[in-house]
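Please take a moment to look over the sequence and the model, and then follow the paragraphs below from one sheet outward to the whole chain.

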Amino acid sequence: MGADRRAIGSKMKRREIEVLRSQVSCAAVLEQASFAIDIKESTRRAVKFRRGAEIIIVTHEGRGWFDPLSDAKGDVFGLVEHLDHVGFLEGAERVADLVGFRITEPEWQPARREGGYNLSLPERWQARRRPWHGSPTWHYLHGDRCLPVSLLRVAIKGDVLREGPYGSMWAAHTDDVGFVTGWEARGPQYRGFASGGNKVLFRLGPPTALRLAVTEAAIDAMSLAAIEALRDGTLYLSTGGGWSPSTQAALRELASRPDAQLVAATDANSQGDLFAERLRALAEDAGCDWTRLRPPEEDWNETLKIREKEKGERKEGCVPHSRRPRQGRLRPAEPALDPAGHDAGGSEGVMKD
């Protein structure tokens with residue numbers, strides 16, 4: 001690519017390249033390539049374009065873009081190279097052909113300024129770093145919450161975590177094509193959800209998995225994943241403590257796939273039982289298998305802390321719960337905590353209903 005960019009000097013001066021960059025919007029490239037604006041999920045600062053399952057977000061008043069489903073991003077020339085799989089020379093010629101192309105301007109609703117933010121949700125997410133070994137968020141998740149290093153690496157590789165302010169964690173909620181709609185924010189002194197965001201689902205695991213383990217918080221979803229050693233064929237989910245129409249629609253779509261199993265891995269309290277009943281009703285409506293997986297402690301993170309204490313693997317900064325579990329040790333040899341029968345267990349232990 002570098003040779004192409006140098007070679008273009010023989011046909012097109014650098015000044016001409018800059019003129020093209022200023023005259024041709026990324027939106028023009030996308031419209032010409034049969035992408036359409038998703039007006040409901042766009043803002044003036046971040047316009048979302050779709051073409052089937054492909055998504056491109058246009059930023060910087062049309063001069064920049066990024067692909068939320070990969071690490072690809074750049075200017076208008078990079079966009080043509082990305083879409084058409086051509087070199088810079090040919091891409092520049094295609095950009096030149098679009099000079100004067102008039103894009104379809106959407107009719108924007110008055111911009112909301114919830115929380116006083118000037119950046120769109122995707123821009124705010126992209127502006128934050130992924131956690132790294134020894135970072136404040138890493139210390140919180142590994143030290144305070146006892147999430148194992150192997151699990152954190154999987155979550156970071158899956159791009160579902162970001163460094164929040166003051167040592168907090170951001171855990172992404174995404175729609176069915178991976179677009180970030182908001183994030184659960186949780187830290188030593190803070191708990192909330194992204195201002196202006198929409199709760200859908202936190203997702204950890206293969207998107208095609210048929211075992212759907214639904215928890216109420218991203219930390220609990222990751223804790224259950226750690227306890228089950230990231231069980232094969234399982235997608236660990238969190239509703240973020242809510243039950244929005246978007247969350248219900250996303251769960252229904254997942255549960256409607258053939259051979260899907262919905263696992264209500266909600267907290268062992270009255271609210272958790274209420275969530276479990278909602279999941280039972282949704283599963284029955286979708287024709288999906290359903291089971292209840294109840295943590296021995298109030299939630300899965302407390303269970304994980306006790307498990308780590310009993311294994312004798314104390315982590316620096318980890319302060320596990322002082323009480324012993326009510327159902328004894330959860331051994332690593334138990335890949336999933338489901339007993340064999342739907343009515344196994346009791347109200348004090350891990351069980352299926």
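Two strands are said to pair if DSSP finds at least two bridges between them. In this predicted model, strand β8, which covers residues 180-187, meets that condition with β9, for the two pair in the antiparallel sense over 4 bridges. Within this part of the structure, arginine 186 has arginine 191 of β9 standing opposite.

These two strands belong to a wider arrangement, an open sheet formed by 4 strands in the order β6-β7-β8-β9, with antiparallel pairing. Its edges are taken by β6, residues 161-163, and by β9, residues 190-193, and because each of these has a single partner strand, one side of each is left without a neighbour in the sheet. From one strand to the next, the twist averages 25 degrees.

A helix accompanies the sheet: α7, made up of residues 136-144, lies across β6, β7 (169-174) and β8, and α7 runs at about 125 degrees to β6.

Stepping back from the sheet to the protein chain as a whole, the reader will find 12 helices and 14 strands. Of the 353 residues in the chain, 49% are buried, if buried is taken as under 20% relative accessible area. The chain exposes about 17700 Å², and carbon and sulfur atoms supply 49% of that area. As for how the chain meets itself, among contacts between residues at least 6 apart in sequence, 62% join residues at least 24 apart.

Technical notes:
Residues are numbered from 1 along each chain as its sequence is written. This is a predicted model: local features need pLDDT of at least 70, side-chain atom pairs count only at pLDDT 80 or more; totals for chains, interfaces and linings use all residues. Side-chain values use heavy atoms; hydrogens and water are left out. Axes are lines fitted to C-alpha atoms, for helices over the stretch in contact, and angles run from 0 to 180 degrees between N-to-C directions. Contact means heavy atoms within 4.5 Å. Buried means under 20% relative accessible area, exposed over 50%, partly exposed in between (1.4 Å probe, protein chains only). Accessible areas come from the Shrake-Rupley method with a 1.4 Å probe; for residues, only the protein chains shown count as cover.
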